[in-house]
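Reader: Could we go through this model together? I would like to begin with the overall build and then move to particular elements.

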Protein chains: 2
Amino acid sequence: MVMIDGGVTAPKGFYAANTAAGIKYRDRDDMAMIVSEADCVTAGTYTKNVVKAAPVIWDKKITSSDTPVRAVVVNAGIANACTGDEGMEYCQKTADAAAKAIKGWSMTSNAAAKAINRDDTAYNISSDGILVASTGVIGMQLPIEKLEAGVEAMSKKLSDSREAANLAARAIMTTDTIPKEAAATVEIGGQTVTIAAMTKGSGMIHPNMCTMLCFVTTDADIDKKLLQSALSEVVEDTFNMISVDGDTSTNDTCVVLANGLAKNPKINEKSNDYEVFKEALFEVLKKLAMMMAGDGEGATALFEVTVNGARTINEAKILAKSVITSSLTKAAIYGHDANWGRILCALGYSGVDFDPVKVRLTFKSAAGSILIAENGHGAGFDEEEATRILSEDHVTAICEMNMGDASATAWGCDLTHEYVSINADYRS
Amino acid sequence: MVMIDGGVTAPKGFYAANTAAGIKYRDRDDMAMIVSEADCVTAGTYTKNVVKAAPVIWDKKITSSDTPVRAVVVNAGIANACTGDEGMEYCQKTADAAAKAIKGWSMTSNAAAKAINRDDTAYNISSDGILVASTGVIGMQLPIEKLEAGVEAMSKKLSDSREAANLAARAIMTTDTIPKEAAATVEIGGQTVTIAAMTKGSGMIHPNMCTMLCFVTTDADIDKKLLQSALSEVVEDTFNMISVDGDTSTNDTCVVLANGLAKNPKINEKSNDYEVFKEALFEVLKKLAMMMAGDGEGATALFEVTVNGARTINEAKILAKSVITSSLTKAAIYGHDANWGRILCALGYSGVDFDPVKVRLTFKSAAGSILIAENGHGAGFDEEEATRILSEDHVTAICEMNMGDASATAWGCDLTHEYVSINADYRS
């Protein structure tokens with residue numbers, strides 16, 4: 001497995017485009033599109049919020065069916081959530097516009113010539129094969145004509161270049177400060193398989209209101225059920241282990257499009273090939289999860305918490321998540337304050353039973369590591385040294401529970417003045 | 001039931017004192033003591049955090065036994081949490097000092113003459129009859145000599161005046177900006193029974209790290225089991241319905257001392273008298289709960305959320321709490337922004353199932369009320385009018401779920417820049 005520099009256009013047969021449709025923002029791109037030149041099998045994971053945005057309902061129906069998918073259309077600025085029947089209608093209209101535009105592109109562009117395994121059906125692109133995603137303010141209706149015009153404009157500039165992928169990753173940002181892309185390659189049956197993804201936002205279980213969206217492209221040839229299984233397992237250990245603010249969005253979406261163009265022996269069972277694919281998917285999504293946590297709204301630091309020595313992996317996860325979601329701990333990290341009592345306190349109210357006297361707590365960063373507490377009280381550490389270690393932009397707390405041998409890691413960020421500013425002013 | 005102006009000295013036979021012991025703060029009081037001239041039956045509710053401060057362990061043992069109690073000693077500045085055996089030893093030493101000092105006071109002061117039902121045993125004050133409570137930084141050891149000197153000093157100035165109660169309520173504050181007292185009287189069997197309390201901090205389920213402490217005094221004559229039952233029920237609907245930041249402290253404590261000096265017919269069963277007593281206790285603790293939420297760290301507004309039309313009270317509580325703990329909703333309240341999507345979103349991830357289309361959301365304050373959303377989308381309200389209503393210091397969101405007839409109310413506060421400042425700098 002090799003991590004490579006690349007975005008959603010890195011796997012064979014994937015194209016991307018971006019445009020400024022003028023949906024809500026001024027002077028910036030706010031739409032992106034990913035198109036595969038061949039039909040894709042798909043998998044998806046979505047928000048568990050009872051209030052689901054229209055695009056979530058739309059995509060969930062498609063990825064849970066056998067419908068082949070050819071494209072994803074994304075907009076930033078308005079979430080198309082709490083928008084009733086009108087919101088669902090706009091998903092249909094966006095998909096209609098995309099199906100029409102991509103059909104035109106397929107017949108006229110060079111891409112058609114590059115298609116490897118395409119047959120006539122590839123030209124029969126229907127609205128059912130178009131995923132849509134939205135992020136932004138809840139409760140506003142989309143200006144649908146602008147989206148339709150945006151889709152048309154993007155279909156004319158689809159490209160499989162590195163730059164096209166990067167511009168697409170930038171176009172879907174809301175309060176993100178950096179675009180988030182990752183890619184990896186693996187060898188499967190003598191063929192190079194590429195997995196790439198772009199994401200925006202900050203969370204899956206606890207996403208930022210600006211929503212987590214993640215689009216994974218791969219040229220792997222893989223059975224749909226196994227693709228879903230790999231995605232579901234990997235999301236549990238990556239996106240579901242990050243938190244920015246404890247709020248679970250109405251729009252969270254993570255979808256994978258696999259077009260099979262790598263020509264690997266098809267992954268049909270939970271074989272070694274499946275594990276190799278899953279491992280690469282894990283590394284790509286883990287990198288993006290850490291980028292999202294570190295780029296949490298207003299954050300100045302990525303805050304990583306590893307729990308070791310728990311009785312079960314589930315308990316280790318609950319403990320680690322309890323610490324990264326503690327407002328008081330996050331504010332202390334912002335203040336570079338080794339306020340270890342807040343960490344013990346957050347472990348304590350997690351719901352997992354343990355003996356506080358057995359816990360051993362260490363802080364670690366690029367500046368070094370320092371033992372902070374053990375045997376139920378402070379370890380008599382040097383405060384200045386601790387502050388120096390906590391002043392880096394990636395800080396790790398390691399909690400040894402001494403109860404068993406299960407481990408888990410969660411990622412969050414500090415709580416800052418800027419977070420409050422962003423969210424007190426976001427909508428108005 | 002009549003709410004009266006008063007603090008912990010309002011019920012018959014209760015005295016209070018305060019002092020500046022120099023534990024951590026400079027130039028302010030940091031210790032308080034409440035003493036009853038007669039033995040009290042007690043009840044208590046405590047933090048559910050696995051990591052329990054030494055005073056919590058100390059008090060829990062006493063209030064769950066039949067030991068008569070005569071006093072509570074409280075300090076602010078250091079929490080005596082994560083302090084190991086040494087911390088437990090300091091509880092003992094504080095109680096020893098208090099038992100000795102109060103015995104001296106009982107024998108020499110006028111208070112002795114005022115005792116109504118006291119017999120010789122009242123002079124046999126033992127350390128087992130002294131509750132202790134601490135609030136402040138976790139992980140530091142108490143300067144025990146300063147506490148012992150503080151107890152001695154306070155025993156010389158015990159008073160049943162209104163002012164003494166108020167000074168005690170001020171002495172236990174940490175990041176609180178106002179002292180919190182409440183009192184009520186009820187008639188039981190022809191006698192006037194008084195219930196009073198002082199509290200500090202901001203929560204029970206989700207308290208501020210500066211911890212919630214609540215001390216209730218009453219001259220009611222009531223069976224110990226019924227006192228505990230009344231307290232447990234009332235705490236569920238008051239302190240357990242407030243949240244400032246989602247962190248559950250190691251020190252949360254709410255204790256009631258009942259000395260029986262009102263001479264009411266003893267409450268021995270769940271009679272009408274019991275209900276009258278419980279109702280007054282509810283009103284006293286509800287007033288304090290709302291004061292705590294409104295005085296949450298950095299808060300500019302009390303944020304009340306009422307859920308109506310839920311299927312069960314438990315579901316109504318979960319829904320209401322989910323909204324008051326949503327960082328994004330709290331930041332929007334700070335910004336006076338009618339960002340109703342965040343409220344629907346927080347209802348949606350609460351874990352309670354409902355139909356978003358049926359929800360009807362109204363904002364209300366002293367400036368008026370306004371319908372914000374219904375039928376799954378915005379109600380086309382006037383933004384300026386909404387902002388005007390949300391600019392008050394007590395703002396209420398009313399969520400009609402239209403599923404049943406259960407209701408619940410929760411209280412929180414807005415999330416502000418000041419909250420971050422307080423908690424990034426608190427310990428250092």
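Reader: What is the secondary structure of chain A?

Author: This is a predicted model. In it, chain A comprises 12 helices and 15 strands. Its radius of gyration is 22 Å, close to the 22 Å that the globule rule gives for 428 residues, so chain A is as compact as a globular protein of that length.

Reader: And what does the C-alpha trace span along its principal axes?

Author: The C-alpha trace of chain A spans about 70 × 55 × 35 Å along those axes. Buried residues account for 64% of the 428 residues in the chain. Of the contacts in chain A between residues at least 6 apart in sequence, 81% join residues at least 24 apart.

Reader: Which residues have the most contacts inside the largest nonpolar core?

Author: They are A:A168 and B:A168, in a core of 312 residues. Apart from neighbours within four places in sequence, A:A168 is in contact with A:V8, A:A16, A:A17, A:N18, A:A32, A:I34 and A:M198.

Reader: Turning to A:D39, is that residue buried or exposed?

Author: A:D39 counts as buried, because it has 22 C-beta neighbours inside 10 Å and the cut-off for burial is 20 or more. The residue is part of strand β3 (residues 31-46) of chain A. Its C-alpha atom is separated by 9.3 Å from that of A:T67, and the two residues are 28 apart along the chain.

Reader: Now the sheet in chain B. What is the order of its six strands?

Author: The order is β13-β12-β11-β14-β10-β15 (chain B), in an open sheet with mixed pairing. At the edges stand β13 (377-378) and β15 (406-413) of chain B; each has a single partner strand, so one side of each is left without a neighbour in the sheet.

Reader: Which helix packs on the sheet and touches β15?

Author: That is helix α7 (residues 272-294) of chain B, which also touches β10 (302-310) and β14 (394-400) of chain B. The direction of α7 makes about 45 degrees with that of β15(B).

Reader: Back to the other edge: in what sense do β12 and β13 pair?

Author: Strand β12 (residues 368-374) of chain B and β13(B) pair in the antiparallel sense, over two bridges. B:H377 in β13(B) is the bridge partner of B:E374. Helix α10 (residues 340-348) of chain B lies across β11 (360-365), β12, β13 and β14 of chain B, at about 65 degrees to β12(B).

Reader: How many residues does each chain bring to the contact between A and B?

Author: Chain B brings 51 residues and chain A brings 50 residues. On the side of chain B that touches chain A, at least two residues each come from α9 (327-334), α10, β13 and α12 (417-425) of chain B. The largest share, seven residues, is from α10(B). By type, that side of chain B has 22 nonpolar, 22 polar and seven charged residues.

Reader: One more topic, backbone geometry. What is the phi of A:K263?

Author: A:K263 has a positive phi of about 60 degrees, although it is not a glycine. Most residues other than glycine have a negative phi. A:K263 lies in the loop between β9 (253-258) and α7 (272-294) of chain A, and is partly exposed, with 18 other C-beta atoms within 10 Å.

Reader: And where is B:N80 found?

Author: B:N80 is in the loop between β4 (69-78) and α2 (84-108) of chain B. Its phi is near 50 degrees, a positive value in a residue other than glycine. B:N80 is buried, with 32 other C-beta atoms within 10 Å.

Conventions: Residues are numbered from 1 along each chain as its sequence is written. Chains are lettered from A and ligands numbered from 1 in the order in which they are written. This is a predicted model: local features need pLDDT of at least 70, side-chain atom pairs count only at pLDDT 80 or more; totals for chains, interfaces and linings use all residues. Two strands pair if DSSP finds at least two bridges between them. Helices (H or I, at least four residues) and strands (E, at least two) are DSSP runs, numbered from the N terminus. Two residues are in contact if their C-beta atoms, placed from the backbone, lie within 7 Å. Axes are lines fitted to C-alpha atoms, for helices over the stretch in contact, and angles run from 0 to 180 degrees between N-to-C directions. Ala, Val, Leu, Ile, Met, Phe, Trp, Tyr, Cys and Pro count as nonpolar, Asp, Glu, Lys and Arg as charged, and the others, Gly among them, as polar. A nonpolar core is a set of buried Ala, Val, Leu, Ile, Met, Phe, Trp, Tyr and Cys residues joined through C-beta atoms within 7 Å. A residue is buried if 20 or more other C-beta atoms lie within 10 Å of its own, exposed if 12 or fewer, and partly exposed in between; C-beta atoms are placed from the backbone. The radius of gyration is taken over C-alpha atoms; the globule rule is 2.2 Å times the number of residues to the power 0.38.
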